[in-house]
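Colleague: I am new to this structure and would be grateful for a short introduction. May I put some questions about its aromatic rings and its pockets?

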Amino acid sequence: MEKYYQPEIETASYEEIRRIQNEKIVKQVRYVYDNVPYYRNLMDKKGVKPDDIKSVDDIKKLPFLSKDDLREAYPYGLLGTDLKNVVRIHSTSGTTGKRVVAFYTQHDIDLWEDCCARAIVAAGGSDEDVCQVCYGYGLFTGGSGLHGGSHKVGCMTLPMSSGNTDRQIQFMMDLGSTILCCTPSYAAYIGESLAEKGYKPEDNKLKAGIFGAEPWTEEMRQGIEKSLGIKAYDIYGLTETSGPGVAFECSEQTGMHINEDHFYAEIIDPETGEVLPEGSKGELVFTSLDKEGFPLLRYRTKDICILSRKKCSCGRTHIKMTKPLGRSDDMMIIRGVNVFPSQIETVLLKEGFPPNYQIVVDRVNNNDTFDIYVECPPELFSDKVAEMQNHEKNLNAAMRSMLGIGPKIHLVAPKSIERSEGKAVRVIDKRKLH
Ligand code: ADP
Ligand code: ZN
């Protein structure tokens, strides 16, 4: 028997979902217009008034919001309420200077945790379960989101955070964890570590895993399911919309149900901004329907996917999204951290290197490798190994402080990186994640 955390809404008819969305969007747009000057300005520029939005069909009249808007409005420009109502912030990984900071009221936290609780119940979770959360805690949304969801479901929650794999395994075995929440690459790594320690998949009590925050393939799913002896479920989200739990997989494992009572999804042509019909591949755009702290209307995720309202065998009626099939920008997710080539270029220029570089990303034993080949300017070039190593070390430190993770730097001879005649090939991603 399929179980739901909030059965009424999760299995509501399409008409009922629409009714709820229509009711909420009118209020949310009015709320944003009244409380968020940055967005009010965008609406005024486009000549749209809150009264023009009478249902979700009218959403297409509203202007888009992009990550650049969020950076420009940093830190408080998109805040939707008095700071005294805000109880927490989270922030996106990877970008220094102007990170995106999202604000949460208690109401926002509550709804977010409901979304994560739905995902846990969809993966078979109940108050009988032991839920081991090894997403990172802190500014990153993964840990707090699943932690809150696990509490709501009533699981015994193990707030492990990421890392310290020996301790993860010890607690997993001694306390009998039944549900594992982490990034898919960490799940694969835990699987390998268990095998190395001589454990067989049937030696652990795990039955399910809830894995997300980075792209992963069906092959990877099969590998994780086999090595841990579990069923592995995908979960999707982004800091801007709360965090994980915007969409989650059910027993059918053919896409993730979007929590449509809180987020309205559109697919657009990333070039023209035109809204595409269901079934088309395009950029995913979210409108929050009932947020207070950080309400976003028509936020462009840059994630490319397809939506489908095909009937699902789990009984849930909310629309499903495919796994992200790519990005409409050049963001990479390396070891869970968002990395843009433009950040790397900024560091190179600041440190006195030419912007002639190539980024090579690969996945070896389920760990991302991250190498940057940089042309050494003639004045720094030397045949003394120690001197070159010193330059590499300094550049590594500068990159680490900008990106949050340290690449392996390879200084190469001036003019040795191939010049292309068209668009430079800056990134070679060998991970085949899509
Ligand atoms: P998070 O805290 O969820 O990692 P970020 O804002 O740092 O949030 O990153 C969000 C991005 O991570 C998404 O736009 C998407 O590109 C990627 N992402 C999140 N979940 C998944 C998933 N299940 N599969 C593929 N990519 C994902
Ligand atoms: Zn389903």
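Modeller: Certainly; please note that this is a predicted model. A suitable start is the second largest pocket, to whose lining strand E10 (residues 263-268) gives the most, with four residues.

Colleague: Which residues that line the second largest pocket are the closest to its centre?

Modeller: This pocket has a volume of about 330 Å³. Its lining comprises 17 residues. The closest to the centre are Arg-18, Tyr-264, Ala-265, Glu-266 and Val-275.

Colleague: How many residues of each class are in the lining of the second largest pocket?

Modeller: The lining is divided by class into nonpolar, polar and charged residues. The counts are 10 nonpolar, no polar and seven charged.

Colleague: Why is the pair of Tyr-76 and Phe-103 described as it is, and what is it called?

Modeller: A search of the whole structure finds eight aromatic pairs. In the pair of Tyr-76 and Phe-103, the ring centres are 5.6 Å apart. Planes under 30 degrees apart would count as stacked and those over 60 as edge-to-face. The angle here is 35°, so the pair is tilted.

Colleague: Where in the chain do Tyr-76 and Phe-103 lie?

Modeller: The two residues are 27 residues apart and link distant parts of the chain. Tyr-76 is in the loop between helix H4 (67-72) and strand E1 (86-91), and Phe-103 is in strand E2 (residues 101-105).

Colleague: Is Phe-103 buried or exposed?

Modeller: Buried means under 20% relative accessible area. Phe-103 has 4% relative accessibility, so this residue counts as buried.

Definitions and conventions:
Residues numbered from 1 in each chain as written. Chains lettered and ligands numbered in written order. Predicted model: local features only at pLDDT ≥ 70, side-chain atom pairs only at ≥ 80, totals over all residues. Heavy atoms only, no water. Phe/Tyr/Trp six-rings, centres within 6.5 Å; stacked < 30°, edge-to-face > 60°. Buried < 20%, exposed > 50% of the residue type's maximum accessible area, 1.4 Å probe, protein only. 1 Å grid on protein atoms, 1.4 Å probe; cavity = no way out; pocket = protein on both sides within 12 Å on 5 of 7 lines; lining within 4 Å. Points joined across faces, edges and corners; volume = space filled by probe spheres on them. Nonpolar A, V, L, I, M, F, W, Y, C, P; charged D, E, K, R; others polar.
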